[in-house]
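User: Please go through this model with me and set out the reasoning behind the terms used to describe it.

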Amino acid sequence: MKKYPEYKQLNLPQISKDMLKFWEENSTFAKSVSSREGKTPWVFYEGPPSANGMPGIHHVMARAIKDIFCRFKTLQGYQVKRKAGWDTHGLPIELGVEKTLGITKEDIGNKNSPKYISVEDYNKACRKEVMKYTDKWEDVTAQMGYWVDMSDPYITYDNKYIESVWWLLQNLYKKNLLYKGYTIQPFSPAAGTGLSSAELNQPGCYRDVKDRTAVVQFKVSEASKVRIQSSKDDIYFLAWTTTPWTLPSNTALAVGKDIEYVFVNSFNPFNGKPQTVILAKELLNKYFSEKHTDLKFEDYKPGDKNIPFKIVGHCKGSDLAGISYEQLLPFVKPEGEAFKVLVGDFVTTTDGTGIVHIAPSFGADDFKVAKQNEVGSLTLVDRRGKFLPEVQDGVFLYGEEYVKEAYLSEEEKATEYAKQKKILEANGKIKDLKVYLSVDERIVLKLQEEGKLFKKETYEHSYPHCWRTDKPVLYYPLDSWFVKVADNRERLFNLNKEINWKPESTGTGRFGNWLENALDWNLSRSRFWGVPLPIWRSEDGAEQICIGSVEELQKEIENAIAKGMMKENPLSKFKAGDMSKENYDTFDLHKPYADSIFLEKNGKKLVRDSDLIDVWFDSGSMPYAQVHYPFENKELIDNKKYFPADFIAEGVDQTRGWFYTLHVIGALCFDSVAYKNVVSNGLVLDKNGNKMSKRLGNAVDPFFTLNKYGADATRWYMIANAAPWDNLKFSWTNIYEDENGKRIEGTEKIPAEILSKYKIVDGHSDGIEEVQRKLFGTLYNTYGFYALYANVDGFLIDEKNIVPVKERQELDRWILSKLHSLIKEVTEQYENFEPHRAARAIEEFVDEHLSNWYVRLSRRRFWKGDMSTDKKAAYETLHECLTVVAQLMSPISPFFGEWLYQNLTNPIRENAIKNNTPLQYESIHLTNFVKAEAAVIDVNLEQRMELAQKISSMILSIRRKENLKVRQPLQKIQIPILDKEIQTKIEAVKNLILAEVNVKEIEFVDESQTQIIKNMKLNFKTLGKKCGANMKAVQSFANENSAAIIKGIESYGQFTVPVNGAEIVLETEDVEIIPVDIPGWKVANNGPLTVALDVTLTEALRQEGLAREVVNRIQNIRKDKGFEVTDKILVKIQQNANLDTAIKNNLSYICSETLTGDLQLVQELSASNASTIEVDELITTLISIEKLN
RNA sequence: UGAGAUAUAGCUCAAUGGUAAGAGCACGUGCCUUAUACGCACAAGGUUACAGGUUCAAGUCCUGUUGUCUCAACCA
């Protein structure tokens, strides 16, 4: 006879290990996919993580979310393939290699460096580095129960993958969506390279620096002067700059369209000349003190500190547009139009003057506005960060000098200082120069002398620095390849409307807004380890080729060889059309190999553009590249079998990352969304809401967590605790140990110096422990209860022979109704990608309903008597609840769900297979998701039971107040009834209530029998429509006349309230009448319910109570002695005058409750073979219990 | 600076615009009723961040402020 396994204790980590072993031995994951062969696919794309970093707890969170829906959809019968992937390119990998090898970018390919490394070796190192933690990732994946196929992952550095990426690029190129242009990018002259925003966002890159800033005067040209004001004085625009070194490259000024500007007559503060200046009205008093409003112009003498001023005109920014001004520092004339006022939407009046100096080469906004207005630019700084030779006047500026002081070495500074001192002193500009003057300072001096300076000051602001050289970054125009995104915004935006975003606001807000303002995508990266841009150009730029496949490249090389541009074909071993791995391993498309390929077109030699492409393009290409589209699996994409994805999920930080690049590539290459549903999950923060970081010591090691609590509790905690898109404050306390074995608990952030002495050795999570107790512990116990009695009875589920639900008793039908309501709810929540709601619903069902109501109230059915239909029904009901719960929870807690299912069904597996019934599957993950049966759901029944639960709770509450133990039987509950329907409902569950609260009868009373004090509550929902603005009046009337209203409603079904001359008729639905008290009784209220308890104790009741105490003591002793629940016993109790009658009067009750075959009241028991029991405070006696035969 | 999110009990979270704001944990009290003390029950706990507004009615809608988180940027 097979039995249900019984356990001593719940051990979740062990369950995880056992089930993992089972899955591995039985290839359960593979079966869950193969068993759905031919079914509708549900397409999931795995966002590739980078294996050069250790997996963190946030990965567990993100992957749990992915896993949940993939498992759920599999259960629903879809085929869900999950191909793993690795993101292998990009800066973090390069940085990792450089750290490992102890080198910097300068050493790469630089033979003069002592640490020289060839690009080839460097890239080899990257290839190795990128898979550094692959085994850790595989461990965490297995341990957390994330099902993803890691046997054949897509790898972004793979030649096949790159080939698909090239194909996509060529596709864009052919559609004319790829172009070469230049943009302003952060650039480190010291390192000679552009910087990505990721690099700029390295900690410590933004630093507060003090800069020389200046408010500069731009003189309105004679031609424009007439247009704005007739004045004999010169007119100047005032513009503020924090980077005076960009002033020689100024080609325009920008104003805000709707900003108000004023014309102010005044004097130049440095040379005292009368002048008119233009600036934003709002900022007037920043430069002209209100105190000086009344100063007389006549009294002013050059050099006076207080300068008189007068506003002589107003206008809006738009009125200033087009006005031309004189070049401020005419070292070089720009090509094209320049030196006019433009309107820029970025102009504000938060600081400066409301007029912005525009140097298109050195600011992104500047560049944009200049381009829009077709204004030319000047780039008077070279890539080394030095002025061009032209920027010199022989006095203040000398040409070819660093524009930032920080770029000079101390030595250079000293030399420059000597030079400056000589020149400036010789020209009489400065008497005794003490220190090196920066370019900024000297430009300001020059402007001051030329009467073009209005104000100078030092200003502290944060400015980005190169993370490698520590030197300030410049914004500099760099050549790049762009994807034309801006022109296709509308299509991108409209396609986005087809995507179901979770949460919606990320889609419409963060993502939608981003699309609406999307700029062209800069693909170029000047790095070493990445996908090379497949574009070859002639030196003059006249000819270019964009390669879209290896075969094409091979042919072009052949051509180049034929034309003498190349000698050998590095792709000679490649056989076109052979898709084998071996064939694709015969070459490498990375640098430096790609750079040694030269092509030919129209007689010109073509050289590859040395840039790599943005790694985001790699990952955005994965829908196609993972299947080597279009070279293989063409139909999967073209016929939309494996595209677009039904579901993707990543962190919300991917909104402008992977989500965006997938969307752009899908839209531009295939005019389709790339995914239909997307969950953008929030971050995992530490328990105080701080970002986790290793540096601060508040990071959570997923391996500790998984080892300690197992995957199920961890996953459940993370899912149930917060919506996926809300940040999760992860409850976790690290435990540190120093070298002497001393342990401390990390509750707050640990300072680095302490952290360095300690090692994290363990930790604990209050949150996970709660889940473990509350959900898994409860479920474990419930299963244990089932197994215990089923084994005693030798009961096994027989799917072919089940008591029809209709024939089961109220309690069974109730829990089944609850169960099927739960199925409905959980299905909906999973369908809606709201796993936290599913989890919470399951928790409530298990704890509140199944364990603490159904099992508690059904207990005796499981052990009383022989196998009856009712008993069988109880087993079947509980079995169904447990198996269904196991399935509902299995997407979230796959190990425990599996464990529970197997315990419940392994004993009957063979039969189920023979009978082809639902429990035939060896794993829960191969089963079919249950469907809620409408016929089983009985809302009325659920309401009835809720009444029973509420009433019980209310009675218990009265008992507690009155200090009456539940074990003490009481005579009567009274429930005042105003509504017969409620009475009917309560009648149906009467016996459950009585048993639960240990009372003998319920009496329903109405006013004919007893006085009931009533209260009323207005139903504002129905009254709102009726009363509108009169609501308040009705309300106050009702407060004062509640008795009359109650009477009116009860007698006539309506009551007329006079308000403000009108009349409002209250009807039954508008008023809720609630009984609140029965005078003379102990009463409890809960919403519309009121119950009263008769607390008088008769002698009979008291005796019965004592009998129950005795039963309880006997049960305890049975348990202490380790008797089986089926053992019959002989009980001897030492006589006690206060107890004997109670025992005699309740003898049969005591005996049947305790399986006592014989109960004897004896004169005396020897203390040596009897136990002392205290029945209540006053009664103590001795008792002995023996097993009968 | 911009965009998005968020702010409810000590903590973690609920609450179709309807008037007594709910759970769980922690705390307190009482209970070992043949599943479960890793349990059960009962209590206590709130100016719904702040300030305005819309509405008969606001935790909920609108505006502003403040705090926190994320992303993007840092430009005069």
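**Reasoning from values to terms**

Analyst: This is a predicted model. Valine 792 has its place in helix 25, which covers residues 766-793.

User: Why is valine 792 called partly exposed?

Analyst: The relative accessible area of valine 792 is 41%. Buried means under 20% and exposed means over 50%, with partly exposed in between; valine 792 is therefore partly exposed.

User: What makes the nonpolar surface patch that includes Val792?

Analyst: Leu788, Val792 and Val1125 make this patch, with an area of about 200 Å². Patch residues must have over 30% relative accessible area, and the 41% of valine 792 is in keeping with that.

User: Which residues gather in a patch of negative charge on the surface?

Analyst: They are Glu825, Glu828, Glu844 and Glu848. Helix 26 (810-831) and helix 27 (835-863) are the elements that give two or more residues to this negative patch.

User: Why does glutamate 825 count as partly exposed?

Analyst: Glutamate 825, which lies in helix 26, has a relative accessibility of 32%. That value falls between the limits of 20% and 50%, so the residue counts as partly exposed.

User: How do you know that chain A is more spread out than a compact globule, and what does chain A contain?

Analyst: Chain A contains 38 helices and 41 strands. Its radius of gyration is 41 Å, whereas the globule rule gives 32 Å for 1189 residues; the value is well over the rule, so chain A is more spread out than a compact globule. The C-alpha trace of chain A spans about 130 × 90 × 65 Å along its principal axes.

User: How much of chain A counts as buried?

Analyst: Of its 1189 residues, 54% count as buried.

Technical notes
Residues are numbered from 1 along each chain as its sequence is written. Chains are lettered from A and ligands numbered from 1 in the order in which they are written. This is a predicted model: local features need pLDDT of at least 70, side-chain atom pairs count only at pLDDT 80 or more; totals for chains, interfaces and linings use all residues. Side-chain values use heavy atoms; hydrogens and water are left out. Patches are made of residues with over 30% relative accessible area and no salt bridge: like charges are joined within 9 Å, nonpolar side chains (Val, Leu, Ile, Met, Phe, Trp, Tyr) within 5 Å. Accessible areas come from the Shrake-Rupley method with a 1.4 Å probe; for residues, only the protein chains shown count as cover. A salt bridge is a side-chain nitrogen of Lys or Arg within 4 Å of a carboxyl oxygen of Asp or Glu. Lys and Arg count as positive and Asp and Glu as negative; His and the chain ends are not counted. The place of a charge is taken as NZ of Lys, CZ of Arg, CG of Asp or CD of Glu. Helices (H or I, at least four residues) and strands (E, at least two) are DSSP runs, numbered from the N terminus. Buried means under 20% relative accessible area, exposed over 50%, partly exposed in between (1.4 Å probe, protein chains only). The radius of gyration is taken over C-alpha atoms; the globule rule is 2.2 Å times the number of residues to the power 0.38.
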